[in-house]
Amino acid sequence: ALGLAARRGRRAPLTLYHGTSSTLASEIARRGLCGHYVYLGIVDVADYYAEAVVDEVGGSEAVFVVEVPRNLQSRLEPDYGGIEEPLTYTLGKSEEVIWEEWDASAQTWEDSLRIIGSVRLKLDSGCVPPSYVREA
């Protein structure tokens, strides 16, 4: 269901999640999600990455709901790192199953979202505006 409208050629609003640390929450609320790439996905994957970020920078886990604006949906790409080193436990699939599904797919961002539950948004140092981002 997620991304179905985009597959049909329409650009319906797309709701995804971003996991991070609470130490970054006020900056995200002020500026939005910024950087060269922003990684987005299903809530289980965002929860995993929030835990990983907390291990690196401290704070507590924070997950944001991101309404990907229609004008940015064309910048969605597969999460190639997530394909190369998939979150097998979180996804409940083996690497082999994930790689087989990926090899059999068209290898689009929609396939990445369906197979590994994550994508990356190429922003070229831009931002997803804060009006499209809220804490879950």
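Which strand holds T20? T20 lies in strand β1. The model is predicted. In it, T20 is buried, at a relative accessible area of 3%. The points below cover this residue, two helices, one pocket and one cavity.

**T20 in β1**
- The relative accessible area of T20 is 3%, and buried means under 20%, so T20 counts as buried.
- Leaving out residues up to four places away in sequence, T20 touches I28, A50, V53, V54, S60, E61, A62 and F64.
- Two of these contacts, A50 and V54, are also among the buried residues of α3.

**Helix α3 (43-57)**
- α3 has 15 residues, which at 1.5 Å a residue should span 21 Å.
- The end C-alpha atoms of α3 are 21 Å apart, so the model agrees with that expected span.
- V45, A46, A50 and V54 are the buried residues of α3.
- An α-helix has 3.6 residues a turn, so residues three or four places apart point the same way.
- The buried residues of α3 pack against two helices and three strands: α5 (88-91), α7, β1, β3 (61-68) and β5 (118-128).
- G58 comes just after α3 and takes a positive phi of about 85 degrees.

**Helix α7 (109-116)**
- α7 is mostly covered, with seven of its eight residues buried.
- Those buried residues are W109, E110, D111, S112, L113, I115 and I116.
- G117 follows α7 and has a positive phi, near 75 degrees.

**Largest pocket**
- The volume of the largest pocket is about 360 Å³.
- Its lining draws two or more residues from each of β1 (14-21), α2 (25-31), β2 (33-41) and α3.
- β2 gives the largest share of that lining, eight residues.
- In total, 22 residues line the largest pocket, and H18, L33, Y37, V38 and Y39 lie nearest its centre.
- The lining has twelve nonpolar, seven polar and three charged residues.

**Largest cavity**
- The whole structure holds one cavity of 30 Å³ or more.
- The largest cavity has a volume of about 30 Å³.
- Its lining consists of V45, Y49, D79, G82, L87, L91, I116 and S118.
- By class, five of these lining residues are nonpolar, two are polar and one is charged.
- V45 and I116 line this cavity; V45 is also a buried residue of α3, and I116 is buried in α7.

Technical notes: Residues numbered from 1 in each chain as written. Predicted model: local features only at pLDDT ≥ 70, side-chain atom pairs only at ≥ 80, totals over all residues. Heavy atoms only, no water. 1 Å grid on protein atoms, 1.4 Å probe; cavity = no way out; pocket = protein on both sides within 12 Å on 5 of 7 lines; lining within 4 Å. Points joined across faces, edges and corners; volume = space filled by probe spheres on them. Helix = DSSP H or I, 4+ residues; strand = E, 2+ residues; numbered from the N terminus. Nonpolar A, V, L, I, M, F, W, Y, C, P; charged D, E, K, R; others polar. Buried < 20%, exposed > 50% of the residue type's maximum accessible area, 1.4 Å probe, protein only. Contact = heavy atoms within 4.5 Å. Expected span 1.5 Å × (residues − 1).
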